[in-house]
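Morning, everyone. Please open the model on your screens, and let's walk through it together.

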Amino acid sequence: MAGRYGPVVMDHFLNPRRVGELENANARFRAENQACGDTLELHLRIEDGKIADARFRALGCTAAIAASSFLTEWLAGREVEEAKLLTNDRLAEMLGGLPAGKTHCSVLAEEALAGCLA
């Protein structure tokens, strides 16, 4: 299984960052992939146009956990306007690529982010 994923994905899967509920979040969204059952709850605290903090809770495969972890690390401290420009393709690229059958995991992350920022 590990051979299918690059080092960034494996690092974030084995050592996920920013896991858990963010109690003082002012933006929350739950995205779900009906086909595979992966879910991502993204919690953000937005202050003065910046993402002050980000946390996640996810159930899913290696790529779903890694994409969620990487996303929250990338978001923390970013301007909301910059975060709105993040696409699933760009996220997959920053992760070092995802196998063709796992691109839905970066789509899940993009959907959760869009839901929080809507």
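Let me start with a term. Two strands pair if DSSP finds at least two bridges between them. Helices (H or I, at least four residues) and strands (E, at least two) are DSSP runs, numbered from the N terminus. With that in hand, take L44: its bridge partner in strand 3 is A54.

Before going on, a word on where this comes from. This is a predicted model, where local features need pLDDT of at least 70, side-chain atom pairs count only at pLDDT 80 or more, and totals for chains, interfaces and linings use all residues. Residues are numbered from 1 along each chain as its sequence is written, and side-chain values use heavy atoms, with hydrogens and water left out.

Now the overall plan. We have 5 helices and 3 strands. Their order along the sequence is α-β-β-β-α-α-α-α. The radius of gyration is 13 Å, close to the 13 Å that the globule rule gives for 118 residues, so the protein is as compact as a globular protein of that length. That radius is taken over C-alpha atoms, and the rule is 2.2 Å times the number of residues to the power 0.38. The C-alpha atoms fill a box of roughly 40 × 25 × 25 Å along the principal axes.

How much of the protein is buried? Of the 118 residues, 48% count as buried. Buried means under 20% relative accessible area, exposed means over 50%, and partly exposed is in between (1.4 Å probe, protein chains only).

Next, contacts, meaning heavy atoms within 4.5 Å. Take those between residues at least 6 apart in sequence: 59% join residues at least 24 apart.

Back to the strands. Strand 1 covers residues 27–32, and 6 bridges join it to strand 2 in an antiparallel arrangement. One pairing to find is R28 with H43 in strand 2. The hairpin of these two strands has 6 residues between them, and G37 there takes a positive phi near 90°.

Strand 2 then pairs with strand 3, residues 50–59, over 9 bridges, again antiparallel. This hairpin has 2 residues between its strands, and D48 in the turn has a positive phi of about 50°. Look at E47 too: K50 in strand 3 stands opposite.

Is strand 2 mostly covered or mostly open? Mostly covered: 7 of its 9 residues, 39–47, are buried.

Last stop, helix 2. This helix spans residues 62–75 and includes E73. T72 lies in helix 2 as well. Which of these residues is buried, and which is partly exposed? T72 counts as buried because its relative accessibility is 0%. E73 counts as partly exposed because its value is 37%.

Now their contacts, leaving aside residues up to four places away in sequence. T72 touches R17, R18, L42, A54, R55 and F56. We met A54 earlier, as the bridge partner of L44. E73 is in contact with H12, R17 and R18. So much for the neighbours. For a longer view, pick A100: its C-alpha atom and that of E73 are separated by 24 Å, with the two positions 27 residues apart along the chain counted as their spacing.

That's the tour. Questions, please.
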